[in-house]
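Me: I've got a structure open here and could use a second pair of eyes. Can we walk through a few of the helices together?

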Amino acid sequence: MESIVFLGFNLYAWITIATVLTMFTVLLFTKLRADLVFLGAIAILFVTGVLNAKEAFSGFSSTSVVIIGVLFVVVAGLTHTGVLQWIVKHLLGQPDSYSKAVVRLMLPVAALSSFLSNTTVVALFVGIVKMWSKKLNVSPSKLLIPLSYASGMGGVCTLIGTPPNLIISGLYAENTGTVMNVLATTIPGLFCLFVGVLSIIAMRKLLPDRKAPEAAFESTSDYTVELLVPSDNPHIGETIEKAGLQKVRGGSLIEIIHFDEMVSPAIPDEPIMGGDRLIFAGQIDEILDLKQSHGLVNADHHVFTMSEVDRDRQLRTAYVTFGSSLINKKLGGTNFEKDNNMILVAVARRGKRIEESPHDVVLQAGDTLLFECPPRINIHTDRLSSQLHFFDSAQVPNIGKKTLISTIVMMAMVVLSALNVIPLLQCAFLAAMAMLLFRCCNVDQAMKAINWEILMVFAGSVVLGVAIQKTGIAERLAFGILDVCGTNPIVVMTAICLVGTFITEFISNTAAGAMFFPIMYEAAEKLGYEPYPFLIALMISVSSSFATPIGSPTHMLVYGPGGYRFSDFMRIGLLMNFIILAANILIVNIIYPLTPLNP
């Protein structure tokens with residue numbers, strides 16, 4: 001099979017190319033889980049003989065993948081002891097200008113993201129920034145994109161800050177036997193962060209000024225109406241369903257108040273009594289037609305208040321995530337509310353409430369939904385978290401002595417690794433054991449913190465890189481780039497980083513890092529230079545996705561809360577891509593001058 005050659009690639013290479021292209025197409029255009037897609041790709045490469053058993057499963061034993069898994073436990077200790085919350089509370093403050101607000105926000109976020117999961121940091125800050133923006137009288141949309149950008153730029157400042165850094169450094173160690181220092185990307189990363197902060201301030205007019213999505217839900221009286229059942233109503237004694245009051249034109253019945261008893265949710269076989277207060281949610285003008293059609297009257301005052309809701313049922317806001325199965329569906333046509341014991345009260349899109357029955361709205365990604373639900377509903381289940389992201393889902397732990405302990409453990413891990421006293425893998429294991437030993441998190445919390453889907457994607461990315469390198473694809477592409485760009489190393493470095501930057505707008509940065517590592521490594525060797533600086537530049541490039549909301553999980557976290565449109569990211573993001581690319585190439589070549597390979 002290897003003897004069959006077409007356009008310079010053998011059959012195994014074409015199988016690899018077809019597998020990679022199919023995998024990325026599936027990730028882009030379907031809702032299949034990423035870990036299943038990567039597992040399928042590994043299976044194809046193994047079954048077709050492209051990789052042997054050891055190579056096909058090498059990702060699961062990769063040092064970088066193991067480190068990522070162990071770091072989940074370390075992050076769990078920091079999260080459950082309130083380290084992040086303490087930092088937020090003491091660092092944001094009350095700046096007197098937008099420029100100062102951007103600096104006060106982006107620098108702490110970048111610092112945290114250098115050591116913690118970007119997604120964890122942004123998820124914590126989203127709610128805080130939304131409240132903070134109200135105090136500053138600034139639209140949240142002016143601060144949430146900088147929040148997401150800061151997490152990405154901060155992540156590249158250390159090898160443990162973002163998965164591509166660990167993947168690329170791990171592959172470099174396997175190829176050369178030389179281990180990169182955990183702070184290898186710190187100076188280039190900080191320079192790019194500095195340039196990025198200045199760019200955000202300079203281009204702030206390109207940031208959209210969107211109304212906060214939940215602003216449409218500020219008053220319950222705006223989207224609920226109460227009607228009273230008079231004592232002579234002909235429907236008294238009938239059930240809600242028989243009386244035709246369960247689902248009505250323009251909305252639905254969400255609660256009944258029998259004297260002092262509140263029945264929520266309103267079940268179909270609940271009887272109607274004289275004096276009942278019926279609370280409807282939806283399009284008020286249409287619901288008021290029930291006064292004529294069903295003989296109801298206006299309640300003398302609006303008793304359905306936020307304080308009453310908080311006691312028995314809560315109003316909670318969430319937005320529809322990218323990839324949710326609710327997209328392009330009407331919630332009224334599904335069992336979603338029944339299965340999750342929730343009632344949809346209203347829907348907002350881009351900061352404006354949609355003036356129609358919420359159950360008749362065809363949902364889109366980023367729509368903000370207002371639900372009435374029990375106070376203790378579990379919003380962290382896989383079923384819910386894959387469909388919706390709740391704005392108020394962050395748990396606020398108590399801050400105490402364990403906060404200090406977990407901080408010391410984290411700092412010790414970084415310092416010992418940076419000084420090469422103990423290798424990073426051993427440091428990570430010791431830090432995770434310390435978090436459990438000092439009860440910064442318990443075993444259940446640690447196990448739940450490990451994201452097995454992400455680990456599968458990381459392992460698959462490593463295997464993908466092995467296949468690209470083994471089949472000669474990387475070498476052929478490297479020669480192709482050299483033919484186009486010539487033999488100038490900086491031009492070649494820039495060209496590969498440019499392609500990597502835009503590829504990572506559509507696929508995970510981990511996959512982009514694994515795919516471009518062998519290409520960059522081969523190109524550097526063909527030019528006769530040490531690959532180290534080329535790979536440092538690549539690390540920054542594959543984590544510099546600014547132009548699309550699907551380019552990073554953190555962008556998707558702020559997309560709904562910011563009330564953004566897809567084009568909002570492109571307006572400022574395309575310029576940011578080129579600015580950070582230029583800063584990246586400049587600083588890497590200053591800090592790590594190109595060194596010819598020993599003959």
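Reply: Sure. Let's start with α22 and α24, which count as roughly parallel to each other because angles under 35 degrees count as roughly parallel, over 145 as roughly antiparallel, 65 to 115 as roughly perpendicular and the rest as oblique. Their axes come within 8 Å and cross at roughly 25 degrees. Axes here are lines fitted to C-alpha atoms, for helices over the stretch in contact, and angles run from 0 to 180 degrees between N-to-C directions.

Me: Which way round is the crossing of α22 and α24?

Reply: The crossing of α22 and α24 is right-handed. A crossing is left-handed if the near helix is turned anticlockwise from the far one by less than a right angle, and right-handed if clockwise. On the α22 side, the contact is made by Pro489, Met493, Cys497, Gly500 and Thr501. From α24 come Pro533, Phe534, Ala537, Leu538, Ser541 and Val542. Contact means heavy atoms within 4.5 Å.

Me: Before I go on, what sort of model is this?

Reply: It's a predicted model, where local features need pLDDT of at least 70 and side-chain atom pairs count only at pLDDT 80 or more, while totals for chains, interfaces and linings use all residues. Residues are numbered from 1 along each chain as its sequence is written, and side-chain values use heavy atoms, with hydrogens and water left out.

Me: Good. How many helices and strands are in the protein?

Reply: There are 26 helices and 13 strands. Both are DSSP runs numbered from the N terminus, with helices being H or I of at least four residues and strands E of at least two. Of the 599 residues, 55% are buried, meaning under 20% relative accessible area, with exposed being over 50% and partly exposed in between (1.4 Å probe, protein chains only). Take the contacts between residues at least 6 apart in sequence: 78% of them join residues at least 24 apart.

Me: Back to α22. Which of its residues are buried?

Reply: Pro489, Val492, Met493, Ala495, Ile496, Cys497, Gly500 and Thr501. What covers them includes α21, α23, α24 and α26. The 15 residues of α22 reach 21 Å from first C-alpha to last, close to the 21 Å expected; that expected span is 1.5 Å times one less than the number of residues.

Me: How do α21 and α22 pack?

Reply: Helix α21 (residues 473–485) and helix α22 (residues 489–503) pack at about 120 degrees with axes 10 Å apart, and they are therefore oblique to each other. The contact uses Ile481, Leu482 and Cys485 of α21, plus Val491, Val492, Ala495 and Ile496 of α22. α21 passes α22 in a right-handed crossing.

Me: And what about α23 with α24, at what angle do they pack?

Reply: About 155 degrees, with the axes 9 Å apart, so α23 and α24 are roughly antiparallel to each other. Among the α23 residues making the contact are Phe516, Phe517, Met520 and Tyr521, and α24 brings Phe534, Leu535, Leu538 and Val542. α23 passes α24 in a right-handed crossing too.

Me: Changing topic: where is Ile580, and is it buried or exposed?

Reply: Ile580 is in helix α26 (residues 566–591) and is buried, with a relative accessible area of 2%. Leaving aside neighbours within four places in sequence, Ile580 is in contact with Met153, Cys192, Gly196, Ser544 and Phe546. Ile580 and Ser199 are 381 residues apart in sequence, and their C-alpha atoms are 9.3 Å apart.

Me: Cys192 and Gly196 sound like α10. What do the buried residues of α10 pack against?

Reply: They pack against α6 (98–113), α8 (141–155), α24 and α26. The buried residues of α10 include Cys192, Gly196 and Ser199.

Me: What's going on in α2, which residues are buried there?

Reply: In α2, that's Asp35, Val37, Phe38, Ala41, Ile42 and Leu45. They cover an arc of only 165 degrees around the axis, which puts them on the same side of α2; the arc is that of the directions from the helix axis to the C-beta atoms. Just after α2, Gly49 takes a positive phi of about 85 degrees.

Me: Last one, a strand. Where is Phe280 found?

Reply: Phe280 is in strand β7 (residues 277–282), and at 0% relative accessibility Phe280 counts as buried. Gln246 is 34 residues away along the chain, with 9.3 Å between the C-alpha atoms of Phe280 and Gln246.
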